[in-house]
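Reader: I'm happier at the bench than in front of a model. Could you walk me through how to read this one?

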2 protein chains.
Amino acid sequence: MYGDIPNTSVVVQKYGGTSVGSPERIRNVAARVARQYRAGWRRMAVVVSAMSGETNRLVALVRDVNPQASAKNYDMAVAAGEQVAVALLAAALEGEGVAAEPFLAWQLGIVTDEAHARARIRSIRRDKVEAAWAQGRIPIVAGFQGMTEDMEITTLGRGGSDTSAVALGVALDAAFCEINTDVDGVYTCDPRIVPAARLLEEMDYEVALEMASLGSKVLHPRCVELGAKYKLPIVVRNTFTTDDHQRTRVMTQTTEIESLAVSGVTLDKDVARVTVSGLGSGSVGISELFSVIAQRGINVDIIVHDKPGMKSEPGRLGFTVAKGDLSATVETIGQLAKKSAGSGTGASVRADTESGLAKVSVVGVGMRSYAGVAGKTFAALSDAGIQIHMISTSEIKISCVIAETDGAKACQVLHKAFFENQ
Amino acid sequence: MYGDIPNTSVVVQKYGGTSVGSPERIRNVAARVARQYRAGWRRMAVVVSAMSGETNRLVALVRDVNPQASAKNYDMAVAAGEQVAVALLAAALEGEGVAAEPFLAWQLGIVTDEAHARARIRSIRRDKVEAAWAQGRIPIVAGFQGMTEDMEITTLGRGGSDTSAVALGVALDAAFCEINTDVDGVYTCDPRIVPAARLLEEMDYEVALEMASLGSKVLHPRCVELGAKYKLPIVVRNTFTTDDHQRTRVMTQTTEIESLAVSGVTLDKDVARVTVSGLGSGSVGISELFSVIAQRGINVDIIVHDKPGMKSEPGRLGFTVAKGDLSATVETIGQLAKKSAGSGTGASVRADTESGLAKVSVVGVGMRSYAGVAGKTFAALSDAGIQIHMISTSEIKISCVIAETDGAKACQVLHKAFFENQ
C-alpha cells in the first residue's frame, strides 16, 4: 500500500473537510482506513477536520450572536465541528468492524499556548495513542483544536488540521504524514487554469513552502514548516481515488539527482496594492510605517521602493497586502498622516490603493543553479502582452504582480515556457 | 425579581432548546441574564440545552453513518450541540457587557457513571463555579452532558438538561432552580387542548412527578425526582415573557393550607396495548414474561389481569407499553412462546396488539382526602360517551386508557368536571 514501508510503521493520516463532507463520504473514508487496517497497518492514527461547511456555519453563528465575541468563546463553538466529525468517523469504522477510539484534543493531551483562534501546539502526549494501539484500536483525533494548560479549548487557526496531523506525526515518530484531500497532490500549476499541468511526484520542503505561500492551496505553509523542522515526510493524496501512485511526497531529499529548475507556477488573486507618497525627511519614516502596520497584524508582501535622487521630492513606496487587510492598512496610514500633519514637520503623507491585481510566481530550488529563469519569465509575460506592475524575487522564486484579468493567461504562458517546451 | 429571596442567593437557571433556538433568541436570553446580573444577582449559574433541532440533526448524522453506532460515539457527536450553545450564550453575554465563563461538563467536573446515552450524574465539583463567581463571571454550563472518570464524554438521555440544572442546583446549594422554557409553567391541562386551562402557581414534587410521568411535557420526571430528593425548589417559567408572576413553583410544602383535590388532567398519546393469552399453568408464567420484557429495557405501564376462576382455562393479561416498544415486546413474547412450545408443557402463548390508544389521567395529592374523584372521573367520561378500555389508580392519580380519537374530548370533559364547575 505504501511501497517499501513496512506495515509495522507508524502512519498519521489526515482527512480534510471535503473528504468527510457527508455521511456517505465519512463511510468512504472509514472503508479506506479499514482496508489499510486489514492490510496489516495497525499503528495508524487518523486526524479529521470538520465536515465541509460546518466551520463556516459555526463562525457565522458566533458572529451573529456577537460580532466582537472573544476568541475563547469562538474557539469553543467552532471546535464542535471537529468533535462531530471524529465521533462520526469512529462510528463509521465500527460499521466496518474496525475498533476505533475517538479523541478530542483535551482527551488526547494536545496542549497549546493560550493564543485563542491561532494557538500553537506545545506538546502532544502519546500514551493514549499507544494504549489504543495496544488494544487494537485506531485513534481518531480531532484536528484544528487544542487545550491550554488551564483546560480551555483553543483552535489553531488557518491550516489547523494539517498542522495537527503533522504535529501528531512528529509526536509519534511517524514514518510519514498523509494529507488526504480532494486533489491528487501538488501540480506544476492549478489544473483548472492549466489543463496540461503535471502532478509533482516529489518536492523539497522549501519549494512546498514557497508554493503554499504563493497561492497553491493544497498544503498550508504552517504544516510544511513543521514537517521541515522535524524532517517528517508529508504525502499529499486524493481521498476519492485508490491509485497509490498518484500523490505528491514532500521530503528533505528528493530522489531526483538534479532538481528541476522550476517546480511550479502559482497564482494568488488575493493581492491589493497600496502606494504611499509624502514619506521621509521629517515626515513619517518607512520603518515607522511598517512597524505600525505590523502592529495591526497586517502582513505586507511585496515592497517596491521608488525614491528619486532629488532630496526635495518626497519619497514614494508601493507594497501589497491581502485584500481583506486593505481598509485597515489605509486607516492605519491615515492615522499616521494625521499625527505627522499635527506635528507640522513636513509634506503630507497620502495612500492610494489599487485592487484588481494578482501575483503570478515561478518557484523552484533549481533556480539557484540554472541561470535565465528570470529572463525567461519576463519574456513569456511580455510576449503575451501582460504588463508587470511589481517584481519580487528570492533564491527560489520570482513573483510578478499583474492585472487580475491577466492571471490565467500568465499561468498558461509561464507553464508552457517552463514545462511544455522541453 | 425573585420576590423575597435576597439577591445574594445562589440561583441556577436553565434555558431549553427553543429558548436558545436562534442567534436572536440567544441574545434575548443574554439580555435577560444581564438584567438580573445588573439587579445585583451575582451568584447565578446558567445551564443551556442545544439549539432546538440541533440534537436531532446530530442524531440523524450518527444514524446515517452507522445505525448501530456505539453509545460512546453517539455521545461524543450529540454533546457537540450543547457545546455550541454554551459558547454562543457566553459570547452573547459578552455583547451585553457581562463577563461569562463557558463550561463543558469535563471542564466543570460533572462526573457520571459509564452508561453512555443514559448516564447518571455522580458528582459535580463546585470549585470552578466559585472561582468564576469570585471573578465576577457568570458560569454558563453545558446541559445534557457529563464525563466519566476515564475522561469519556457521556450524555444523560431524555430530560438531560433539566437534570443537569437541578443537579447543579443541588451541588451549589441553590435557593432554587429555574427551568426557563417556551410555556409559562405547568397548567391544569394542556392549553392547546383545553383553552380554559389555568396555570398552576404551586405544586408538590409528588404531583409534578405524576403529571410529568403521565404526559405533561413541561418537566421531565427525572429532574423532579432529583429536586424532591434534595428538596430543591424548581420554578418553571417562560423565557419569552418578563412577567415574574407567571410561573409554576414545585416545592415540598405548598403555601396553600389545603391542597386541591385535583391539580391537573394529562393526556399521553404514546400508548399501545398488548394482550397475552395462554399464560400460566406449566406454560410461560407472568413473572417470567415481565422479567424478560424488563431485560429488553421496555417499560410496562398499566397492567390488567383478567384471570378466570377455572383452572383449565388459560390466563389472559393486558398491559400497555410505549408505541416505539411494541414490536420489541411482541418479538420478546414470540421468543418466549417458541421456548415454551418447544418444551411442550402447555397451552401456546399468544400476543395480540392494539394501537390508536391514549391515556387520560387525573392527578392530585388532595385525592387522598377527598372521596369521589374516581366516581366523578368515570361519570364525566361515560356522560361524554367515551369508552374506558383500562383503568389504573394510585393514591394520587386515576388513569384511563381510551381511544386516541377520544383524547381531546376526555381532557375537556374532565377539566370541566374538576376545574370549571366549582
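**Reading the model, step by step**

Author: Gladly! Let's start with one residue: A:V12 sits in strand β1 (residues 11–15) of chain A. Helices (H or I, at least four residues) and strands (E, at least two) are DSSP runs, numbered from the N terminus. Residues are numbered from 1 along each chain as its sequence is written, while chains are lettered from A and ligands numbered from 1 in the order in which they are written. This is a predicted model, where local features need pLDDT of at least 70, side-chain atom pairs count only at pLDDT 80 or more, and totals for chains, interfaces and linings use all residues.

Reader: What is the average pLDDT of chain A?

Author: pLDDT is the predictor's confidence in each residue, from 0 to 100. Where pLDDT is low, the predicted coordinates should not be read in detail. Chain A averages 89, and 92% of the residues score at least 70. For the complex, the predictor gives an ipTM of 0.83 and a pTM of 0.85.

Reader: Back to A:V12: does it count as buried or exposed?

Author: A residue is buried if 20 or more other C-beta atoms lie within 10 Å of its own, exposed if 12 or fewer, and partly exposed in between, with C-beta atoms placed from the backbone. A:V12 counts as buried because it has 29 C-beta neighbours inside 10 Å. Contact means that the C-beta atoms of two residues, placed from the backbone, lie within 7 Å. Leaving aside neighbours within four places in sequence, the contacts of A:V12 include A:A45, A:V47, A:L168 and A:C177. For contrast, try A:R57 in helix α2 (residues 54–65) of chain A: with 13 C-beta neighbours inside 10 Å, A:R57 counts as partly exposed.

Reader: What should helix α3 of chain A span?

Author: The expected span of a helix is 1.5 Å times one less than its number of residues. For the 25 residues of α3(A) (residues 71–95) that gives 36 Å, and the end C-alpha atoms are 37 Å apart, which agrees. Of those 25 residues, 22 are buried, so α3(A) is largely enclosed by the rest of the structure. Just after α3(A), A:G97 takes a positive phi of about 80 degrees.

Reader: And in what order do the strands of the sheet in chain B lie?

Author: Two strands pair if DSSP finds at least two bridges between them. Chain B has an open sheet of 8 strands with mixed pairing, in the order β3-β6-β2-β1-β9-β11-β12-β10. Its edge strands, each pairing on one side only, are β3 (100–103) and β10 (202–204) of chain B. Further in, β9 (residues 176–181) and β11 (residues 234–238) of chain B run parallel, joined by 5 bridges.

Reader: How many residues does each chain bring to the contact?

Author: Chain A and chain B bring 30 residues each. On the side of chain B that touches chain A, the largest share, 14 residues, comes from α3(B). Also, 100% of the interface residues of chain B are interface residues in chain A too, so the copies meet through the same surface.

Reader: What rotation superposes chain B on chain A?

Author: Two copies of a chain are related by a rotation about an axis and a shift along it. Superposition is by least squares on the C-alpha atoms of residues with pLDDT of at least 70 in both copies. Here a rotation of 180 degrees, with 0.1 Å of shift along its axis, places chain B on chain A with an RMSD of 0.1 Å. The two copies are thus related as by a two-fold rotation axis. Of the residues of chain B, B:A80 comes closest to that axis, at 2.6 Å (C-alpha).
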